Amino acid sequence: MKVNQYVHGQPCWIELASRDAHAGKQFYSTLFGWKVQDMPIPNGVYSMLALEVEGECSDIGAAYQMPENMSEQGAPTIWTVYFAVDDVDATVAAVISNGGNLELGPHDVGTAGRMALLSDPEGARFAIWQAGDHIGAKRNGENRSLCWVELASRDGQDAKTFYTSSLGWDSRQDSMPDFTYTEWLVEDVPFGGMMEMTEEWGEMPAHWMLYFAVEDCDKTAEMATGLGGKICVPPTNIPEVGRFSVISDPQGGFFL
């Protein structure tokens, strides 16, 4: 679906911070057929990731080299989701008042917009974006683009209180065969969900995960392993929803 505008609270952009940006871009551009355009920035290169549909290229995210100090501290390769907001500074204040933390910013990104990197009370990181000249991803919900975001949390009730208060989301619960799943909604339209982490997750911290739509889950998973990725959860059916797989790229960045 082509996007011309985002409503406050909707996912609007994704960013990949890689220990090896060149290798990361090669993996994802081969797996999803994304086009890559490198843009010089003061501290390196910011690479726009684009989806080509009927001869038209539309930005859907970006990738960059993880700062050396983060890499030396053992920070993993990671995807970050941005949520559209009407006012970055007001949202930062709401996040902090609800127990979250400001990790970076807020600051302007030229005339493109204004952003901040935040974390919820459990430490799950996310970013917010107040659009200027750049609204964010120009396409989503279609093959080879972002189609869903999901929070893995150890305290679902506190997470619901935090995000509904900070970002204005609504939530509803869906009963799955083995667990209860929470959906996030903006203007009654679901865009993501939340799973409560159990002991089986070990010591993994709370985090956000990204889902990319594909035509064939099994073939995409097989292709990912051929490119050096690892299958963390094999292709699995979700009744009445679809089929998914959790994959780790060669540098340890997770996606579904």
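# Reading the labels

User: Why is Tyr64 called partly exposed?
Analyst: The relative accessible area of Tyr64 is 24%. Buried means under 20%, exposed means over 50%, and partly exposed lies in between, with a 1.4 Å probe and protein chains only. The value of 24% falls in between, so Tyr64 is partly exposed. This is a predicted model, where local features need pLDDT of at least 70, side-chain atom pairs count only at pLDDT 80 or more, and totals for chains, interfaces and linings use all residues. Residues are numbered from 1 along each chain as its sequence is written, and side-chain values use heavy atoms, with hydrogens and water left out.

User: Where is Tyr64 found, and what does Tyr64 touch?
Analyst: Tyr64 is in strand E4. Strands are DSSP runs of E with at least two residues, helices are runs of H or I with at least four, and numbering starts from the N terminus. Contact means heavy atoms within 4.5 Å. Leaving out residues up to four places away in sequence, Tyr64 touches Glu15, Leu16, Ala17, Ser18, Ala21, Val45 and Tyr46.

User: What makes Ala17 count as buried?
Analyst: Ala17 has 5% relative accessibility, and that is under the cut-off, so Ala17 is buried. Ala17 lies in strand E1 (residues 11–18). Eight of the eight residues of E1 are buried. Beyond four places in sequence, Ala17 touches Tyr64, Met66, Thr77 and Ile78.

User: How do you know that E1 and E5 pair?
Analyst: Two strands pair if DSSP finds at least two bridges between them. E1 and strand E5 (residues 78–84) have six bridges, in the antiparallel sense, so the definition is met. Ala17 stands opposite Ile78 there. E1 is also joined to strand E4 (residues 56–65), by four bridges and running parallel. Glu15 has Ala62 as its bridge partner in E4.

User: Why are E14 and E16 said to stand at the edges?
Analyst: The open sheet has three strands in the order E14-E15-E16, paired antiparallel. Strand E14 (230–238) and strand E16 (254–255) each have a single partner strand, so one side of each has no neighbour in the sheet. Six bridges join E14 to strand E15 (residues 242–248). One of the bridge partners in E15 is Phe244, opposite Thr236.

User: What packs on that sheet?
Analyst: Helix H5 (residues 217–226) does, touching E14 and E15. The direction of H5 makes about 10° with that of E15. Angles run from 0 to 180 degrees between N-to-C directions, and axes are lines fitted to C-alpha atoms, for helices over the stretch in contact.

User: How do you know that the span of helix H4 agrees?
Analyst: The expected span is 1.5 Å times one less than the number of residues. H4 (residues 156–167) has 12 residues and should span 16 Å. Its end C-alpha atoms are 16 Å apart, so the two agree.

User: Which residues of H4 are buried?
Analyst: They are Gly156, Ala159, Lys160, Phe162, Tyr163, Ser166 and Leu167. These residues cover an arc of only 170° around the axis, which puts them on the same side of H4. The arc is that of the directions from the helix axis to the C-beta atoms.

User: Why is His134 called buried?
Analyst: Its relative accessible area is 17%, under the cut-off, so His134 is buried. His134 sits in the loop between strand E8 (125–131) and strand E9 (146–153).

User: What makes the link between the side chains of His134 and Asp59 a polar contact?
Analyst: A polar contact is a pair of N or O atoms within 3.5 Å; within protein, one must be able to donate a hydrogen and the other to accept it, and residues adjacent in sequence count only if both atoms are side-chain atoms. The His134 and Asp59 side chains meet at 3.5 Å, so the distance fits the limit. The His134 side chain also reaches the backbone nitrogen of Gly136 at 3.1 Å.

User: What is the phi of Glu54, and why is Glu54 called exposed?
Analyst: Glu54 has a positive phi of about 50°, although it is not a glycine. Most residues other than glycine have a negative phi. Glu54 has a relative accessible area of 82%, over the cut-off, so Glu54 is exposed. Glu54 lies in the loop between strand E3 (44–53) and E4.
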